[in-house]
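Here is a short report for a reader who is new to this structure. Start with the display, then read on.

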Amino acid sequence: MRWLRYLNQWRGTAKEALEQVSIVAKFLCLIHVTDRYIISSTHVQGPSMLPTLNLTGDVILAEHLSHRFGKIGLGDIVLVRSPTDPTRMVTKRVLGLEGHRLSFSADPLVGDSSISVVVPKGHVWIQGDNLYASTDSRNFGPVPYNLIEGKALLRVWPPRFFGSLR
Amino acid sequence: MASSFWNIAYQQAMRSGVFVAKVYSFLHVTTNYLAFPAYAFGPSMIPTLHPSGNVVLAERISKPSRGDVVVFQSPEDPNKLPTKRVVGLEGDSVSFVVGPGKNDESRTIVVPKGHVWVEGDYIQNSRDSRIFGPVPYGLIQGRVLWRVWPFQDFGPIGPPTTT
């Protein structure tokens, strides 16, 4: 009956292991809830928000509270789920809220042909700061408000560019 | 001895608080990643759903495909959650009558990448993609599986019943 004795020995260890696992699980839950609903860090890269955000990649802190209370305003840098590819998030600036009239140049490299739109109800107009290298509302149209998932607060990496984004 | 009364009361409160937090976390994880109930009302999904109101169970696991009834955030009003049927996926060519009952003029649209085309089962009284355009995938909240209430109509929500 030696295996019975082994089983009893392991029972104590198993109980302790379970307790530790449950502590880790609770901690992960807390991290998850904070990350998704309060504040999170995101790595953003690409040329579309130059010179505000770097080409090679920045880590920014984004909060996920404002968009739930309708507190996204003109000029905010927001994290939006791409309307063309739902698995991607894009970072752009809000340049128009519902009801606003906007004029933009169809192709900033060529000529001055200007198009005027009114942002429909329930939508926002997002544009990258780098008009020459940004796929944004000028390409895919105004974006429904609910696709906004966060508002950028400040940049935390690289350290020499630490600070608020404007 | 008065202080120990408050100690016990405080401990009880903390224990209840922790229990409530655990229940809430469990519910939150379930409704956000697995399935959630939704209340659907209005004439746009007759005969699949009752106009006077249904409670349905919607799941967030599968990717919506043609013919599914989905709950999504309205592109017109971010606070509304309409329930409609997916009639076209990205790349599909959908034809629809611009004003049913008024004339027969029809239009054909190719559903853009990353979007779906939704229509109510009761075309004559439905605000859907024919009015607000294709809906981005990111706005879809879940696929309707089952009707839970009214009880006499408990059962799966399936393909449109041809009247």
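The text below covers confidence, an annotated domain, a strand pair and a pocket.

This is a predicted model. Its scores are ipTM 0.75 and pTM 0.80. In chain B the pLDDT averages 88, and 96% of the residues score at least 70.

**The annotated domain**

An unreviewed UniProt entry carries the annotation "domain: Peptidase S26". In chain A this annotation covers residues 20–110 and 118–157. The table describes both spans.

| Span of chain A | Distance between end C-alpha atoms | Helix | Strand |
|---|---|---|---|
| Residues 20–110 | 63 Å | 20% | 33% |
| Residues 118–157 | 37 Å | 10% | 45% |

**A strand pair in chain B**

Strand β5 of chain B runs over residues 93–97, and its side chains alternate. B:Val94 and B:Phe96 point to one face and are buried. B:Ser93, B:Ser95 and B:Val97 point to the other face and are not buried. The partner of β5(B) is strand β6 (residues 106–110) of chain B; the two pair in the antiparallel sense over 5 bridges. Opposite B:Val94 stands B:Ile109 of β6(B).

**The largest pocket**

The largest pocket holds about 1,500 Å³ of space. Its lining has 43 residues. Nearest its centre lie A:Arg36, A:Glu149, B:Gln73, B:Gly138 and B:Gln141.

Which elements supply at least two residues each to this lining? From chain A they are α1 (2–37), β3 (77–81) and β9 (148–157). From chain B they are α1 (2–33) and β9 (140–149). β9(B) gives the most, with 4 residues. By type, the lining divides into 17 nonpolar, 15 polar and 11 charged residues.

Notes. Residues are numbered from 1 along each chain as its sequence is written. Chains are lettered from A and ligands numbered from 1 in the order in which they are written. This is a predicted model: local features need pLDDT of at least 70, side-chain atom pairs count only at pLDDT 80 or more; totals for chains, interfaces and linings use all residues. Side-chain values use heavy atoms; hydrogens and water are left out. UniProt positions are given in the numbering used here, feature names are shortened, and annotations may be inferred rather than shown by experiment. Buried means under 20% relative accessible area, exposed over 50%, partly exposed in between (1.4 Å probe, protein chains only). Two strands pair if DSSP finds at least two bridges between them. pLDDT is the predictor's confidence in each residue, from 0 to 100. On a 1 Å grid over the protein atoms alone, a cavity is a set of points where a 1.4 Å probe fits but cannot get out, and a pocket is an open set with protein on both sides within 12 Å along at least five of seven lines; lining residues have an atom within 4 Å of a point. Grid points are joined across faces, edges and corners, and a volume is the space filled by probe spheres set on the points. Ala, Val, Leu, Ile, Met, Phe, Trp, Tyr, Cys and Pro count as nonpolar, Asp, Glu, Lys and Arg as charged, and the others, Gly among them, as polar.
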